[in-house]
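New to this one? Take a moment to look over the sequence and the fold, then use the notes below as a quick tour.

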Amino acid sequence: MTKNPQQRLLTLTARKLDIDTHQELTIYLHQDSYVCHSEGFSALSRVRVNSDHHSIIATLHIVRGSQLTPYEIGFSDSAWQHMQLADGDQVWVSHPKPLESLSYLRAKVFGHKLNEEQIRTIVNDVVAGRYADVHLAAFITACGDRKLDTDEIIALTRAMVDSGSRLNWQRDIIVDKHCVGGLPGNRTTPIVVSILASLGLTMPKTSSRAITSPAGTADTMETLTEVSLSLSQMQGVVRRHGGCLAWGGSVQLSPADDLLIRVERALDIDSEGQLIASVLSKKIAAGATHVLIDIPVGPTAKVRDQQSAKRLAEQLRTVAQALGMRLRVLFSDGSQPVGRGIGPALEAQDILAVLKNSPQAPQDLKERAILLAGELLEMSEAAAAGKGQQQARQALEGGQAWQCFQAICQAQGGLRQPPVANYRYNLQADCAGSVVAIDNRLLSQAAKLAGAPVDKAAGIVIYKHLGERVKPGETLLTLHAESPGELDYAVEFLNAHPELIQLQPDPKS
């Protein structure tokens, strides 16, 4: 890459500032930088940065202190990694060429349908780091509220698959499952992987971190073992043990999805079209041939009614068929949380209890995992029709699943004990009665206010489920937090929302 005379005038000395902007590429110039004055750059300008070997488009921030001289340029951690620089390297900056894909994005904002090439161009620019977070947010909101039709969802899914690595396991049947979410504590995946891998099926499971929930499978598994595996590490674990439990973002499967999820998390948005593209792109990229989708349906779940569930299921089936994947949808009860723990470490404790066949294990989590594993066994013809659950139960209760889980964790870096929070608060019943309603959304919000999923030990343990009897003074749930401040926030929220767990008081005698 050769500099012209104008570029030489704009050469700056590179410095790593050790600022974590996650995946957004960010640079920093002093307010007196001659480059800012000569080029008219201002805060939040999009700037092209070049070295002799690499180039990025980044968002500019202006500093006023002594962190930088007017002849230096600072880099966030992600921008530094993309440029592969060393302190003191010379770089030069310029105005980037206008992105053609932004015109497609604007068209979508105004309600126009995009064709496959336009969607592919947007996704390629997202993965290349050419979009700032504001552009990603605009794309996410423009595609929200069912504003993507079936053709656009298929195109988005295909483009997201093609944007990263794609695995081929040289086997006819690779199984996978996904729950669309909205149900706190529903951490069946590690149990299902362990059951199926112990029975000889191949399940290379990659999972996302939480978007709008207090924990994703990757967040929970990270309290037990290493989940940030390289592609070769993941392949090695699967070849030895038939399955893995990895974070999808570390193996570059559908990398556009991870970039979009980061902004979706900040917006607290998980739209239907992008949910479908997100789920199926990860499954296809991971090499899955047979996929089971669990859609919990309930008044405070992500999918609230049967009509919405059927529409989502039909879209999932249509997109999967167009992309050559066998897919089955299971509608499940979404009226209340699953298990007792809500939050990474607390959900991990439930998983361990089920796999170890502990008498204290939450039976609803166990039975749901057996149901899902049984469906996949029958779907892949590893079990006869009607025999899948029996076979799954034998693998779990006979200890094979626990042995397989331990082997997978050891291969991923070792099995460890989940952390424990130091601060707790018990919410107690003020009367005798029966539990008649539990609000999943409020429960998730309380767990997040307590610190989950960032604070791994934070969250909620819930002791009562629908229909269960409650005595006066009995503990309904326990908040767990890693700091007193976060505990106070969550307690205040609980006190402001008594409808989180609704009791039907006993008639007065």
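Here is a short briefing on a few spots to look at, grouped by topic. Keep in mind that this is a predicted model. The tour takes in a pocket, a buried strand residue, a pair of packed helices and some unusual backbone spots.

**The second largest pocket**

- The second largest pocket holds about 470 Å³ of space.
- Its lining is made up of 24 residues, and the ones closest to the centre are His22, Gln23, Ser78, His82 and Leu259.
- Several helices pitch in: α3 (77-83), α5 (116-127), α6 and α11 (255-267) each give at least two residues to the lining.
- As for chemistry, the lining residues of this pocket split into nine nonpolar, eight polar and seven charged.

**Thr26 and its link to Ser78**

- Thr26 sits in strand β2, which covers residues 26-30.
- Is Thr26 buried or exposed? With a relative accessible area of just 2%, Thr26 is buried, because the cut-off for that is under 20%.
- Thr26 and Ser78 are 52 residues apart in sequence, while their C-alpha atoms are 7.7 Å apart in space.
- You've met Ser78 already: that residue is among those closest to the centre of the second largest pocket.

**Two helices side by side**

- Helix α10 (residues 231-241) packs with helix α17 (residues 400-411), their axes being 10 Å apart and at an angle of about 150 degrees.
- That angle makes the two helices, α10 and α17, roughly antiparallel, since anything over 145 degrees counts that way.
- The crossing of α10 and α17 is right-handed.

**Backbone oddities**

- Some background first: most residues other than glycine have a negative phi, and most peptide bonds are trans.
- Asp145 goes the other way, with a positive phi near 55 degrees although this residue isn't a glycine.
- You'll find Asp145 in the loop between α6 (133-142) and α7 (150-162).
- Asp145 counts as exposed, because its relative accessibility is 65% and the cut-off is over 50%.
- Arg146 isn't a glycine either, and its phi is positive too, at about 60 degrees.
- Arg146 also lies in the loop between α6 and α7.
- Which peptide bond is cis, with omega near 0 degrees? Look at the one from Ala452 to Pro453.
- Pro453 is placed in the loop between α18 (440-449) and β15 (459-462).

Conventions:
Residues numbered from 1 in each chain as written. Predicted model: local features only at pLDDT ≥ 70, side-chain atom pairs only at ≥ 80, totals over all residues. Heavy atoms only, no water. Helix = DSSP H or I, 4+ residues; strand = E, 2+ residues; numbered from the N terminus. Buried < 20%, exposed > 50% of the residue type's maximum accessible area, 1.4 Å probe, protein only. 1 Å grid on protein atoms, 1.4 Å probe; cavity = no way out; pocket = protein on both sides within 12 Å on 5 of 7 lines; lining within 4 Å. Points joined across faces, edges and corners; volume = space filled by probe spheres on them. Nonpolar A, V, L, I, M, F, W, Y, C, P; charged D, E, K, R; others polar. Axes fitted to C-alpha atoms, helices over the stretch in contact; angles between N-to-C directions. Parallel < 35°, antiparallel > 145°, perpendicular 65-115°, else oblique. Left-handed = near helix turned anticlockwise from the far one by under 90°.
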